[in-house]
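Subject: Handing over the model

Hello,

Here is the structure I promised you. Please open it first, then read my notes beside it.

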Protein chains: 2
Amino acid sequence: MAKKVSKEGLTVKKADDFSEWYQQLMIKSELADYSKVSGCIVFRPRSQWIWEKFVRETDDLFKEVGVENVMFPLFIPESLLLKEADHVEGFAPEVAWVTHAGDKELNEKLAIRPTSEAIIYDSYSKWIRSYNDLPMRYNQWCSVVRWEFKNPVPFFRTREFQWNEGHTVFATADEAIAEGKEILGIYDKVCSEMMALPGIIGRKTEKEKFAGAVSTDKIHYVLSNGRVIEGPCFHYDGQNFAKAYDIKFLNEKGEEDYVYQNTWAITTRMLGAMFTVHSDDNGLVIPPRLCKNKVGIVPILFEDSKDKVLAKVEELKYKLKDFAPLCDLREGVSPGRKFAGMELKGMPLRIELGPRDLEKGVVMIAKRTGGDKIEVKIEDLVLKVGMMLDEMQHELYDNAKELLESRMKRSEDSGEVVEMVKGGNMVKVPFCKGEACEGKLKEIMPGLKSLFIDSDGESIEEKKCLVCGEHAEYYLWVGRTY
Amino acid sequence: MAKKVSKEGLTVKKADDFSEWYQQLMIKSELADYSKVSGCIVFRPRSQWIWEKFVRETDDLFKEVGVENVMFPLFIPESLLLKEADHVEGFAPEVAWVTHAGDKELNEKLAIRPTSEAIIYDSYSKWIRSYNDLPMRYNQWCSVVRWEFKNPVPFFRTREFQWNEGHTVFATADEAIAEGKEILGIYDKVCSEMMALPGIIGRKTEKEKFAGAVSTDKIHYVLSNGRVIEGPCFHYDGQNFAKAYDIKFLNEKGEEDYVYQNTWAITTRMLGAMFTVHSDDNGLVIPPRLCKNKVGIVPILFEDSKDKVLAKVEELKYKLKDFAPLCDLREGVSPGRKFAGMELKGMPLRIELGPRDLEKGVVMIAKRTGGDKIEVKIEDLVLKVGMMLDEMQHELYDNAKELLESRMKRSEDSGEVVEMVKGGNMVKVPFCKGEACEGKLKEIMPGLKSLFIDSDGESIEEKKCLVCGEHAEYYLWVGRTY
């Protein structure tokens with residue numbers, strides 16, 4: 001006989017079928033929905049609220065260090081896009097092209113921005129004249145389009161996604177490179193403190209770096225299935241784009257030189273990482289700092305005490321207004337079903353109030369991440385709720401950190417590496433820097449790839465490359481990405 | 001001999017050549033720039049900051065009344081767009097079409113959203129089942145594309161612009177209609193209080209209403225050249241879109257019915273209105289509430305007192321940090337040229353500090369909107385600056401209100417109407433409601449059009465239509481739009 005399952009809740013377990021679990025989580029917790037545009041999703045209010053909150057706080061930190069926002073056109077003329085060869089090669093197969101307006105064919109087709117280097121740097125070449133104009137640290141929050149042909153996965157892989165793109169310009173290489181610490185520091189801070197996601201900052205290999213960059217650093221996160229998520233990135237572009245887009249300036253010595261540039265971004269893919277890392281078989285778990293409604297209230301109603309209990313609920317709602325409480329007052333729906341509904345949608349704390357609690361002047365509080373329900377005196381409620389939310393925020397971070405650390409292994413044997421990666425880990429291996437060897441990783445195991453170069457400073461002397469067995473140059477982290 | 005003009009400042013007067021004055025203002029005050037995409041502009045940091053500030057405050061008010069934000073795809077499949085005939089007819093000639101991704105032709109071409117009814121209402125038809133799901137009050141802040149072929153004018157007419165689009169759904173017509181007051185009230189409040197722009201809320205005629213709506217209300221603003229700007233709008237759509245997109249629900253009686261909907265929007269065109277109404281022959285004027293840097297500091301430097309004056313400037317900068325002061329410390333640039341630069345860019349208050357001021361413990365303050373410089377004791381500075389900024393905010397509003405009221409005339413004679421409109425006015429005329437007569441307005445005068453229906457409640461009895469001379473049904477405001 002088939003087990004009876006609620007249509008409202010998740011019908012698979014995270015550990016059993018990660019992909020199906022995630023798809024159900026997205027739809028049933030009303031974060032996202034598919035649309036009539038293949039590969040594009042709708043950000044429903046629950047996820048858009050989170051993104052906008054995250055953007056406001058991140059943007060405030062950008063502004064504190066002197067970054068200013070701009071908004072460039074959505075379109076990039078083909079001829080502009082073609083100016084930097086590596087860059088085009090990286091994006092051309094995924095570009096969506098506008099060819100007509102109304103029933104007229106355009107003289108030149110226009111790309112929908114897959115990223116805005118081309119259109120922004122064309123303006124920079126007009127605006128920048130001397131070192132007095134530098135640094136120029138501009139950023140925009142917008143959406144971009146990359147027409148992937150793989151199956152879409154909400155937040156992780158969609159043809160349109162939201163992001164920030166920072167495009168900064170400096171008079172010297174040193175200043176440009178120094179910005180990396182500052183920006184990656186901000187990204188790391190907001191992901192750690194708001195999303196409760198600890199990550200590892202690591203440099204990509206030559207093969208994996210951004211098309212057009214001198215070097216690429218990314219922050220890496222690990223999912224419970226061991227797949228690695230490439231999060232926010234920082235590219236030091238040197239003078240590559242400056243030469244392609246002719247961005248010259250007079251330096252302090254009065255000499256003409258090309259500028260030094262960086263590009264950096266964080267995308268809505270991080271929402272996907274956050275949802276998957278924290279959520280469980282009962283549904284969504286979101287760090288309280290990114291919850292709009294931090295408290296749910298469920299009254300336990302009996303005919304003879306209903307009015308009194310509901311009056312108290314109103315009072316609690318007012319007391320807790322800073323936590324934007326949601327009350328589930330539906331009639332004809334059992335408390336159990338209401339509890340499950342709140343769990344599914346990731347309500348951090350649930351407050352239950354019945355007639356007996358009322359008499360005692362207490363409520364019961366259940367935390368979304370589990371543990372026994374606790375009884376709290378109504379007079380202590382506001383303080384206790386604040387404390388429990390803080391506690392939950394830290395608990396989620398600590399759990400994610402434990403997950404991350406438990407998935408970091410090391411090995412010098414390719415057979416062992418395969419076993420470790422199959423077991424849901426990333427692995428630190430000695431490597432020779434050869435692009436050929438990097439290309440051969442997928443022969444060792446399908447999907448195995450270079451993640452980032454280790455920066456612990458551990459001696460590599462005497463070590464042999466995992467692939468070719470020749471002299472190793474550095475430690476490389478390898479694994480599978482999501 | 002040609003008059004010597006500074007290359008940095010504006011070389012034409014607002015009253016002499018409005019259009020050239022505006023173009024120069026945009027470029028020289030670094031608000032906007034043209035781009036390689038014809039008809040699209042770049043929002044430089046100075047204008048994007050204003051828009052984002054305006055969005056944050058407006059969005060906070062939307063949220064207070066229960067509106068939630070979403071983000072729908074940028075694309076709309078052709079078949080979806082075609083579902084509501086009037087709607088398509090209104091937009092089709094200006095739609096930008098994506099036909100290819102990489103080098104592959106798409107199966108169905110995709111419109112870049114000119115507005116999102118089609119894609120949003122398709123989801124609503126899935127999400128809405130019963131009156132429990134209503135009201136659903138969703139909004140998104142994004143950019144839209146309308147491929148106009150007229151000359152672009154920064155902020156006023158560009159092929160891509162930024163806006164909000166509210167798409168709300170109700171169980172009854174009454175609730176939907178009632179939302180109008182609330183939303184137009186918010187729009188009127190933010191435009192009045194932040195942009196210092198008073199407007200007139202008025203209903204459009206049948207001929208001028210939004211394609212697909214039952215009725216359209218807009219807020220109207222007047223420029224110094226007498227042209228009328230159509231600002232934020234509110235459309236009551238009745239069940240028109242619900243029928244086209246099949247959005248049904250079970251009402252409280254358990255009967256199936258179509259929902260009632262509204263759409264409402266405010267665009268970056270309002271920035272254009274704000275810049276033109278307040279600015280003058282010396283450059284930009286922006287209401288202080290929408291200025292990032294509210295105070296400029298210019299030290300008057302002489303060799304023997306330079307260090308002391310500069311030290312004091314640092315002190316003032318710290319004292320005034322809540323006003324985000326900008327100091328112009330450039331050497332080899334005369335104070336006069338610095339003053340002109342700050343005026344060009346719309347710095348609300350300019351503080352001058354020379355050695356003699358320093359001795360007296362005072363500074364001189366000049367207000368962007370004119371009047372004598374005043375001497376202020378340094379100990380009173382913070383208080384005084386706050387007061388002067390408030391004063392300026394109100395002064396700009398009062399001036400705009402005076403402008404608006406001075407441009408509102410009335411007449412019942414078409415010859416007189418033409419003279420009044422040529423003189424930079426809008427005119428209240430008796431009208432018969434006939435679309436044919438509305439169509440004939442441009443025969444009376446090229447560009448003359450119906451603006452909105454008067455709502456003063458004044459009796460129209462005995463009055464004759466301005467165009468056909470038949471019995472008039474209401475007073476109509478006519479004029480030229482920008």
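A polar contact is a pair of N or O atoms within 3.5 Å; inside a protein, one atom must be able to donate a hydrogen and the other to accept it. Keep that cut-off in mind for the first two residues below. Also keep in mind that this is a predicted model.

**Thr267 of chain A**

Thr267(A) sits in strand E14 of chain A, which covers residues 260-267. Its side chain reaches the backbone nitrogen of Arg269(A) at 3.0 Å. That pair counts as a polar contact because the cut-off is 3.5 Å.

Is Thr267(A) buried or exposed? Thr267(A) is buried, with a relative accessible area of 17%. The cut-off for buried is under 20%. Leaving out residues up to four places away in sequence, Thr267(A) touches Trp51(A), Phe161(A), Gln162(A) and Trp163(A). Now look for Cys233(A). It is 34 residues from Thr267(A) along the chain, and the two C-alpha atoms are separated by 9.5 Å.

**Arg137 of chain B**

Switch to chain B. Arg137(B) belongs to strand E7, residues 136-145. Arg137(B) is buried too, at a relative accessible area of 12%.

Which side chains does Arg137(B) join through polar contacts? One is Glu179(B), at 2.9 Å. Another is Glu182(B), at 2.6 Å. Both glutamates also appear among the residues that Arg137(B) touches, once residues up to four places away in sequence are set aside. That list also includes Val65(B), Gly66(B), Val67(B), His167(B) and Phe170(B).

**How the two chains relate**

Turn chain A by 180 degrees, with a shift of 0.0 Å along the axis, and it can be laid on chain B with an RMSD of 0.0 Å. That is the relation of a two-fold axis. Where does chain A have its C-alpha nearest the axis? At Val98(A), 2.1 Å from the axis.

Next, the interface. Of the interface residues of chain A, 100% are also interface residues in chain B, so the copies meet through the same surface.

**A sheet built from both chains**

Find the open sheet of 6 strands. Its order is E4(A)-E6(A)-E5(A)-E5(B)-E6(B)-E4(B), and the pairing is antiparallel. Strand E4 (75-77) of chain A and strand E4 (75-77) of chain B are the edge strands; each pairs on one side only. From one strand to the next, the twist averages 45 degrees.

Zoom in on one edge. E4(A) is joined to strand E6 of chain A, residues 104-112, by 3 bridges, and the two run antiparallel. Phe75(A) has Ile112(A) as its bridge partner in E6(A).

**A sheet in chain B**

Chain B has an open sheet of 5 strands, in the order E16-E15-E17-E18-E19. Here the pairing is mixed. Strands E16 (326-327) and E19 (374-377) stand at the edges with a single partner strand each, so one side of each has no neighbour in the sheet.

Strand E17 (residues 349-353) and strand E18 (residues 362-367) of chain B pair in the antiparallel sense over 4 bridges. Look for Leu349(B): its bridge partner in E18(B) is Lys367(B).

Helices lie on this sheet. Helix H12 of chain B (residues 381-406) packs on it, touching E15, E17, E18 and E19. The direction of H12 makes about 10 degrees with that of E18(B). Helix H9 of chain B (residues 306-319) lies across E15, E16, E17 and E18, and runs at about 170 degrees to E15(B).

**Strand E15 in chain A**

Go back to chain A for the last stop. How many residues of strand E15 (residues 295-299) of chain A are buried? The count is 5 of 5, so the strand is largely enclosed by the rest of the structure. Both faces of E15(A) are covered. Val295(A), Ile297(A) and Pro299(A) are buried on one side, and Gly296(A) and Val298(A) on the other.

E15(A) runs parallel to strand E17 of chain A (residues 349-353), with 5 bridges joining them. In that pair, Pro299(A) stands opposite Leu353(A). E15(A) also runs parallel to strand E16 of chain A (residues 326-327), with 2 bridges. There, Ile297(A) stands opposite Cys327(A). Add helix H9 (residues 306-319) of chain A, and E15(A), H9 and E16(A) make a right-handed β-α-β unit.

Best wishes

Terms used:
Residues numbered from 1 in each chain as written. Chains lettered and ligands numbered in written order. Predicted model: local features only at pLDDT ≥ 70, side-chain atom pairs only at ≥ 80, totals over all residues. Heavy atoms only, no water. Pairing = 2+ DSSP bridges. Contact = heavy atoms within 4.5 Å. Axes fitted to C-alpha atoms, helices over the stretch in contact; angles between N-to-C directions. Buried < 20%, exposed > 50% of the residue type's maximum accessible area, 1.4 Å probe, protein only. Right-handed = clockwise from strand over helix to strand, strands pointing away. Least-squares fit on C-alpha atoms with pLDDT ≥ 70 in both.
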